Amino acid sequence: MTELYSASGSKVHAHKAEIFCRDETRVDWHSKALWALREKRDRAAGSIPEWEQLRLLGSQLKLHTLSHLADYLEQFEQQCLSNGIKVHWAKDAQQHNEIVQGILAQHKVKKLVKSKSMLTEECHMNPYLERHGIEVVDTDLGERIIQLANMPPSHIVVPAIHMKKEEVGELFHQQLGTKAGESDPLYLTRAARAHLREKFLTADAAMTGVNMAIADQGAIVVCTNEGNADMGANLPKLQLHSMGIDKVVPNMDSVGVLLRTLARNATGQPITTYSSFYRGPQDGGEMHVIIVDNGRSDMMKDKILAESLKCIRCGGCLNTCPVYRRSGGYSYNYTIPGPIGIAVGAKHDDTNSIPWACTLCGSCTYVCPTMVPLDKIIAHHRRLKAEAKTLPYGKGSYMPLVGRFMGNETLMNTSMSAARLALRVLPGSLLKPFSGAWGKYRELPVAPESSFATWYNKNRSR
């Protein structure tokens, strides 16, 4: 994992996927763990008769909000000010970090406790604040694990999914002084709890992300399973909340719709353990909300890309994606991995390769709780790369040939028949080297032990 994370950002997705896939055992349990979340999601969704109606309603309310975004953001700001909340606007990551650092410097903050926020990861806030002498402590268990390991999250909901419990045990032994060789999850969790409790009690300020910002209430919603956001926001007198402009929703009815789908789609829970609403500062305290654009307005200029802003960051698309499950989160050259990471991050990938880290199978679109058409968006990114003549290495030379080949029905039918025959007959060891950086490590069909002629005649009509 160290080799993968430290690989240069100029490496294409396929190269980084190949590094991840060298450890076949890790690939297998990584994929199975994520698929288990997908299965939990399916059971949770299946228990709600009106699930598809909820998805449609979630999509419609997000589209409505994005279509009237300026109005709802201004309403949210006015209601926040009425509630005693200080509101700041940031056009990009640099301005966001400067605003946060300025607030903390004004209050002489030396230690900040932070609950999970993919926006602050997107803005690379932690290293910025650390350069200014502020200790930043991620308090979500998974986030704290990867922070101690000096890694970014590899998943937007389960950020340390790529690490084995034995690796976490060794990390805690080195960083927290736990027993050597101890990998019991309960023991490690209790050690983390004791470690983080001290951080909470000595923090000068707290920071959270925002799941939803309620325009007509001037309030924010933060969803967690560990209660760490509440511990942080209620102990220090200074609390900060960072949100993208896409997080605003019109009213409490909108929150009710999205809360019904968010946790079910993420982990199969009916709802997160804590769904906390913050509508003003503590007595004698301050509450700040930083509203961040960072390229979102540019995305709204493209009707197809704009739909990615409907995302509520449940992580369901990552759990179902066959490429992400078997190539890991560090192969995507962007803070957010998986299908949604491609949708919002393809323009930031200097290798121009991540739009091709996708089979276009549409499984991500199928599970999305707000019906983000992720496969359509990713295909659109490919078209944009082609039109801009920024295709990744190799694509520009062979894609025209592929187009002509696929346009010839005779050649296509002949080659597909040959491929099906090869999969049925040849040993997997002969085929794997030709199946791509992530595919060559997958299990391939094994031919039966009976004679070829008998087996082929029996199966040729399939």
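**Exercise 1. What volume does the largest pocket have, in Å³?**

Let's work on this predicted model one step at a time.

Step 1. Start with the volume: the largest pocket comes to about 1,200 Å³.

Step 2. Now look at its walls. The lining counts 48 residues, and Lys116, Asp140, Val157, Val158 and Pro159 lie nearest the centre of the pocket.

Step 3. Find the elements behind that lining. Those giving two or more residues include helix H7 (118-122), helix H9 (141-148), strand S6 (219-224) and helix H13 (252-267). H13 gives the most, with 4 residues.

Step 4. Sort the lining by chemistry: 24 residues are nonpolar, 14 are polar and 10 are charged.

**Exercise 2. Describe helix H4 (residues 51-67) and find what covers its buried residues.**

Step 1. Check the length. H4 has 17 residues and spans 24 Å from its first C-alpha to its last, close to the 24 Å expected at 1.5 Å a residue.

Step 2. Pick out the buried residues, using under 20% relative accessible area as the cut-off. Among them in H4 are Trp51, Leu54, Arg55, Gly58 and Leu61.

Step 3. Look for the cover. The buried residues of H4 are covered by elements including helix H3 (24-46), helix H5 (69-82) and H13. You met H13 in the pocket lining too, where H13 gives 4 residues.

**Exercise 3. Put these parts into the whole protein.**

Step 1. Count the elements: the protein has 24 helices and 10 strands.

Step 2. Turn to burial: 52% of the 462 residues are buried.

Step 3. Finish with the surface. The accessible area is about 21,300 Å², and carbon and sulfur atoms hold 54% of that area.

Note on methods:
Residues numbered from 1 in each chain as written. Predicted model: local features only at pLDDT ≥ 70, side-chain atom pairs only at ≥ 80, totals over all residues. Heavy atoms only, no water. 1 Å grid on protein atoms, 1.4 Å probe; cavity = no way out; pocket = protein on both sides within 12 Å on 5 of 7 lines; lining within 4 Å. Points joined across faces, edges and corners; volume = space filled by probe spheres on them. Nonpolar A, V, L, I, M, F, W, Y, C, P; charged D, E, K, R; others polar. Buried < 20%, exposed > 50% of the residue type's maximum accessible area, 1.4 Å probe, protein only. Areas by Shrake-Rupley, 256 points an atom, 1.4 Å probe, with all protein chains shown as cover. Expected span 1.5 Å × (residues − 1). Contact = heavy atoms within 4.5 Å.
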